[in-house]
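Colleague: I'm new to this structure and would love a friendly tour. Could we look at it together?

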Amino acid sequence: MTSMEKRLHKELQLLQKEPPHGVKIDVESIHRNLTEWIVDLEGAQESLYRGEKFQLLFKFGDRYPFDSPQVMFIGNNIPVHPHVYSNGHICLSILTDDWSPALSVTSVCLSIVSMLSSCTEKKRPPDNALYVKTCSKNPKKTRWFYHDDEV
Amino acid sequence: MDSEDEMNYDEEEEDSQEEDSNDEDFVDIAMEPEPSTASDSRETEDFQYEVLTADKIVHVMVECIKEVNAVVQIPATITRILLNHFRWDKEKLMERYYDGDQDSLFSEAHVVSPYRKDPRQKRSTRGSTSASTSESMCEICCLVIPHTDMAGLECGHKFCFQCWTDYLTSKIINEGMGQTISCAAYGCDILVDDVTVMDLIKDAKVRLKYQHLITNSFVECNRLLRWCPAPDCGHVIKVKHYDVKPVRCTCGHTFCFACGENWHDPVKCIWLKRWIKKCDDDSETSNWIAANTKECPKCHVIIEKDGGCNHMVCKNQNCKADFCWVCLGPWEPHGSSWYNCNKFDEDEAKKARDSQEKSRCQLQRYLFYCNRYMNHMQSLKFENKLYQAVKLKMEEMQQHSMSWIEVQFLKVAVDVLCSCRQTLMYTYVFAFYLSKNNQSIIFEDNQKDLEHATEQLSEYLERDITSELLVDIKQKVQDKYRYCESRRKVLLDHVHEGYERDTWDYQDGL
């Protein structure tokens with residue numbers, strides 16, 4: 001087993017043992033393909049996204065956890081948020097520049113939930129139309145500029 | 001490191017032979033006051049520099065750290081990080097160190113202050129909950145590891161040896177990071193020092209890459225150092241003070257210390273840089289488009305007229321505008337005069353034609369200078385073949401009663417020819433950016449003179465050299481190359497004088 005697989009198994013165990021609130025995983029699908037996880041996410045109670053359900057797709061490369069995973073929203077319900085593009089790409093610094101191998105699927109999920117929770121107005125990023133038309137399929141290929149830590 | 005250096009060195013020797021045939025047969029002997037063959041003795045005289053090998057660079061780096069340490073007396077690993085932060089400017093570091101807030105200096109450079117009494121005990125929170133205090137969970141591999149198998153920096157974040165090794169390897173090999181790798185913990189910006197890296201990494205390949213990266217960042221951010229730009233040459237030129245001067249590496253490559261390009265006197269680095277960019281990018285393509293095409297006055301699609309009459313029908317199916325190619329006005333009033341347009345100039349059409357005329361003129365101008373620049377560059381490449389031909393001739397002559405010393409003039413002649421070509425090549429770059437004034441006319445005369453003489457010298461060497469009576473052409477060739485060299489000096493001196501007196505006007509916006 002490679003170190004990437006070992007670590008993912010370990011993470012899976014921990015997630016099953018004590019899943020964080022609002023985060024659910026389909027263990028069976030993960031056992032079929034360890035490198036792609038689909039995570040169900042629920043909007044936090046006291047946020048604009050209360051009661052909404054979202055799906056996140058995690059893709060892990062061979063260098064995980066030393067290289068960050070590809071993370072994006074998938075499915076019918078892409079949250080309307082100033083840092084989430086309508087194709088599911090997320091502008092979040094820990095997913096690229098600020099990634100650390102000490103972060104995990106759990107910490108990424110929690111960061112995303114907290115990013116959603118701090119939103120005060122549901123709207124798309126201002127450059128959504130252009131970005132969605134021109135971006136790569138892989139959100140990690142985008143050179144993100146993190147200009148706003150507030151939302 | 002050694003083995004690779006040796007490998008590089010072999011290649012360099014081959015390169016240098018191609019470049020300027022520095023064979024033993026060609027050793028210069030100053031037997032009569034020949035023009036100097038080292039590119040520009042005038043400039044090199046007072047410009048001191050040395051060529052360093054990879055090992056020597058490491059030595060210089062260590063010396064620099066020692067020097068600072070003798071004063072500040074903090075761990076060498078921290079000194080290295082601080083120096084890197086100040087781009088290896090010792091004075092700047094000292095100034096900041098003794099002038100003001102040291103704590104902010106350390107945090108700015110991303111190191112934990114060595115004076116801090118209580119190192120931040122930022123142990124991994126999850127780890128400390130582990131029952132036994134002799135082991136904790138490594139946050140990277142999520143395994144419980146005994147403390148003796150864990151390591152960390154002054155910031156207190158601990159990870160197991162294996163994860164540290166994997167983390168550092170990934171940063172070094174995949175991301176090419178050296179001095180700027182930070183602690184693996186999320187949000188921690190404390191930098192990993194070189195001793196820690198070398199302790200944790202055992203793989204020779206990774207260690208070597210790390211050393212390369214560190215050396216490279218040392219050279220790149222140090223104003224007094226520059227890598228020799230020749231392919232696979234691992235040498236560094238170290239100068240006493242920064243200046244725009246030619247330097248010659250032990251591999252034989254001569255280049256401008258300030259910009260790393262081939263020595264480009266008389267043109268200045270910034271203009272050469274602009275020129276190279278201009279030649280490389282496709283700004284000339286757009287110039288061509290501007291000069292040779294027009295826009296449809298209705299839908300603005302770009303049209304190249306490749307013949308036929310002036311009655312244009314736009315091929316854009318959604319437009320199909322009828323217009324006159326000459327005046328760009330609607331075709332209707334032109335009636336049946338398909339081949340000439342005698343319509344009164346409307347302002348719009350006139351403007352369009354003016355701007356096209358300008359583009360066309362600019363393109364012509366660029367091509368004029370570019371052709372001549374390229375021409376000399378090409379010839380310069382051919383002259384390397386000439387060295388071979390000359391060498392054969394010299395050997396032949398020595399069998400016919402001429403002494404070794406007597407035939408050396410041929411080699412000198414080719415040297416002069418090459419340096420003249422190189423100078424001429426860059427005079428066209430200089431001239432391209434130059435505005436016309438009295439001095440520029442003198443410059444162009446000098447250029448013309450030198451070019452003429454250089455071509456004559458080239459002709460002598462290429463044609464007459466094959467004649468049997470080498471003795472006859474000796475005087476001719478010697479006179480010519482002395483003349484060339486003196487003209488070259490006159491031209492360069494004139495340009496330098498202009499720099500000093502600020503008499504050159506430049507064309508902007510090219």
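Here is our conversation about this predicted model.

Colleague: Let's begin with chain A. Which pattern does chain A follow, read along the sequence?
Modeller: Chain A holds four helices and four strands. Reading along the sequence, you meet them in the pattern α-β-α-β-β-β-α-α.

Colleague: Which strands stand at the edges of the sheet in chain A?
Modeller: The four strands make an open sheet, paired in the antiparallel sense, in the order β1-β2-β3-β4 of chain A. An edge strand has a single partner, so one of its sides is left without a neighbour in the sheet. On average, neighbouring strands here are turned by 30 degrees against each other, direction ignored. The strands at the edges are β1 (23–25) and β4 (70–74) of chain A.

Colleague: In β4(A), which residue is the bridge partner of K59(A)?
Modeller: Strand β3 (residues 53–59) of chain A pairs with β4(A) over five bridges, in the antiparallel sense. Within β4(A), the partner of K59(A) is Q70(A).

Colleague: Which helix lies across β1, β2, β3 and β4 of chain A?
Modeller: The helix to look for runs at about 35 degrees to β2(A), which spans residues 36–42. It covers residues 105–117 of chain A, and its name is α3.

Colleague: How many residues of chain B are in contact with chain A?
Modeller: On the chain A side, 14 residues take part in the contact. By class, that side has six nonpolar, two polar and six charged residues. Their counterparts in chain B number twelve.

Colleague: Moving on to chain B, which residue in β7(B) stands opposite E50(B)?
Modeller: Strand β1 (residues 49–52) of chain B pairs with strand β7 (residues 236–239) of chain B over four antiparallel bridges. Across from E50(B) in β7(B) is K238(B).

Colleague: And which residue in β7(B) stands opposite R226(B)?
Modeller: R226(B) takes us to another pairing of β7(B), in which strand β6 (residues 225–227) of chain B runs antiparallel to it and is joined by three bridges. Opposite R226(B) stands I237(B).

Colleague: Does T53(B) count as buried, partly exposed or exposed, and what is its status called?
Modeller: T53(B) is in the loop between β1 and α3 (54–72) of chain B. Although 183 residues separate T53(B) from V236(B) in sequence, their C-alpha atoms are 6.5 Å apart. A buried residue needs 20 or more C-beta neighbours within 10 Å, and an exposed one has 12 or fewer. T53(B) has 16 inside 10 Å, so its status is partly exposed.

Colleague: At what angle do the axes of α14(B) and α15(B) cross?
Modeller: Helix α14 (residues 404–432) and helix α15 (residues 438–462) of chain B have axes that come within 10 Å. The crossing is left-handed. The residues of the contact include L417(B) and L424(B) of α14(B), with L450(B) and L457(B) among those of α15(B), and by class they are nine nonpolar, four polar and three charged. The axes cross at roughly 145 degrees.

Colleague: Last one: which residues of α15(B) are buried?
Modeller: α15(B) has 25 residues and reaches 36 Å from first C-alpha to last, close to the 36 Å expected. Some of its buried residues, including L450(B) and L457(B), also belong to the contact with α14(B). The full set of buried residues is F443(B), N446(B), Q447(B), L450(B), T454(B), L457(B), S458(B) and L461(B).

Methods
Residues are numbered from 1 along each chain as its sequence is written. Chains are lettered from A and ligands numbered from 1 in the order in which they are written. This is a predicted model: local features need pLDDT of at least 70, side-chain atom pairs count only at pLDDT 80 or more; totals for chains, interfaces and linings use all residues. Two strands pair if DSSP finds at least two bridges between them. Helices (H or I, at least four residues) and strands (E, at least two) are DSSP runs, numbered from the N terminus. Axes are lines fitted to C-alpha atoms, for helices over the stretch in contact, and angles run from 0 to 180 degrees between N-to-C directions. A crossing is left-handed if the near helix is turned anticlockwise from the far one by less than a right angle, and right-handed if clockwise. Two residues are in contact if their C-beta atoms, placed from the backbone, lie within 7 Å. Ala, Val, Leu, Ile, Met, Phe, Trp, Tyr, Cys and Pro count as nonpolar, Asp, Glu, Lys and Arg as charged, and the others, Gly among them, as polar. The expected span of a helix is 1.5 Å times one less than its number of residues.
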